[in-house]
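User: Please take a close look at the enclosed empty space in this model, and then at the ligand site. Which residues are found there?

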Amino acid sequence: MPVQLLKQSPQNECLIVFIDDTKKILSQWSDPALKDFLKLPLEKDFQGKYKESLLVYLGNHPLSKRLLLVGIGKRSDFSLHRLRSVAAVAVAECAKRKIHKHVAFLFPALGKLEVDEMAEALELGSRLYQYRPDEMKSDAEKKSPWIEPLYVVMDKKEVAAVTKGQKRGRIIADGVNFSRKLINRSPLQLTPSLLADEAKKMVAASPHKQKIKIDIWNGEKIRKHKFGGVLGVARGSVEDPRFIVLEYYGAKKSERPVVLVGKGVTFDSGGLSLKPPPSQETMKYDMAGAASVLGAFKIVTDLGLKKNLIVLVPAVENMPSGHAQRPGDIISMASGKTVEVLNTDAEGRLILADAIYWATTQYSPKACIDVATLTGACALAVGNAAAGLYTNNSKLKSALEKAASETQEGLWPLPDFEDFYADLLNSDVADLRNIGKVREAGASTASIFLKHFVQNDIPWAHLDIAGCGWYDGPRDFIGCRGASGVPIRTLAQFVENA
Ligand code: BES
Ligand code: ZN
Ligand code: ZN
């Protein structure tokens, strides 16, 4: 039972106490013994600044051997994002001191935030922070044990809300970390077929698997459906492509689903338009879109939301070889449109085009959202602060912005001066070129390319996560370099609101 009443709590190894910049504890807890222990530290050593921390020993206090003071800064600046971040500071400080068990949060009281939301934030922050990409490290000693935080509440009335928030936080964090693990995995251990195996395992372990259908298409089935974009990119690789189809019916079958499409390039060498080696180094993460939609699927299904959700993942490896597609090749897409492939490194849009066509012709979705590490141009424009957003529907835009503001993940509209950009994709010899005639506005021309494959006026949005999907170092409650897990929480939130 991770949530305990203060008066029944056994002695903890470390009790985490949040304190603001006026040095007030964010709790009704008062204990004369505690006042003595805190007097000097609060006078001399601790200011309560955001992310500041200080460890204080409590002698043999029945509640805890140690107090970890964690600063939250100004109350008026405080937010759930900051609460996730200070939860991360707290577990980091405990881990540094090898305190792994009986680590408890003294549950904070902060009028403007709901109790269950705060519990969710604490659980999320501590779990997202602790994930490390260490699955291939052979030295088990170096892997630090996981801290399962406990919660100490003052009032019996809080137990239910804290328990509820903690459970939800755990499900969301586990979904995000599942996806980060796949993104960080080496491309040798995560080929298209191995990615499909991971999706299968995820479904097999789901508490709601009776409501889930999974269909994995191999190369042969992909050929049968004439997915020319997927086949064109896959040609250069010895790895057979896959098309992963996941269907979750949490609501009546007649209710229109949301379809999420994720770019699953398990490694992007650029193909014959080969990338220079430094640019190839991180291209195992070119399946972050795929992992994001799979992570969102895991969250939605683990939460058992009463929604219908379809996830489609075209999975390929983009390699140069004697079989690879050439710059100049004209390919026929699933939709029947022809594309002149002028740069084989603009591969993501080719595989997404087929999947978007499939999504918008087969499922009659209320929204189709694709997620992709699509362009360096988007990363250059927004850095890792936000996903670039392009959409054909203003209601969908608002709904996505609402979800992103709820999760506090960044989302920023890409320029959509279509009159200026659209001609850039005109080909002399085919229906479309796969790259713009100029480099400028590269994230927008890529988006417009995708838009050509949306059918039946389905509300569609494209999220370019080339920048925000990967962090070059730890940041807030993300504890390590690599997959950031953005924008998985936003996708799950969007489905929940839909
Ligand atoms: N996977 C890359 C985009 C990318 C670049 C993601 C950097 C993350 C970081 C994509 O397939 C690609 O190579 N795009 C090209 C398109 C260009 C050839 C029009 C790019 O952005 O340079
Ligand atoms: Zn590429
Ligand atoms: Zn790519």
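Analyst: **Cavity and ligand 1**

The lining of the largest cavity holds three nonpolar residues, one polar and four charged. (Ala, Val, Leu, Ile, Met, Phe, Trp, Tyr, Cys and Pro count as nonpolar; Asp, Glu, Lys and Arg as charged; the others, Gly among them, as polar.) This is a predicted model, where local features need pLDDT of at least 70, side-chain atom pairs need 80 or more, and totals for chains, interfaces and linings use all residues. Residues are numbered from 1 along each chain, chains are lettered from A and ligands numbered from 1 as written, and side-chain values use heavy atoms, without hydrogens and water.

Who lines the cavity? Glu 255, Arg 256, Val 258, Lys 307, Asn 308, Lys 366, Val 495 and Ala 498 do. (On a 1 Å grid over the protein atoms alone, a 1.4 Å probe fits in a cavity but cannot get out; lining residues have an atom within 4 Å of a point.) The space inside is about 40 Å³ (the volume filled by probe spheres on the joined points). Across the whole structure, one cavity reaches 30 Å³ or more.

Now ligand 1. Around it are 16 residues (a heavy atom within 4 Å), and Lys 275, Asp 286, Asp 345, Glu 347 and Gly 376 come nearest. By class, this shell has five nonpolar, four polar and seven charged residues.

Polar contacts (N or O pairs within 3.5 Å) add detail. Lys 275 has a side-chain N or O atom 2.7 Å from an oxygen atom of ligand 1. For Asp 268, a polar side-chain atom lies 2.9 Å from a ligand oxygen atom. Leu 374 uses its backbone: a polar atom there is 3.5 Å from a nitrogen atom of ligand 1. Alone, ligand 1 exposes 520 Å² (Shrake-Rupley method, 1.4 Å probe), and the protein buries 75% of that.

How values were computed:
A polar contact is a pair of N or O atoms within 3.5 Å; within protein, one must be able to donate a hydrogen and the other to accept it, and residues adjacent in sequence count only if both atoms are side-chain atoms. On a 1 Å grid over the protein atoms alone, a cavity is a set of points where a 1.4 Å probe fits but cannot get out, and a pocket is an open set with protein on both sides within 12 Å along at least five of seven lines; lining residues have an atom within 4 Å of a point.
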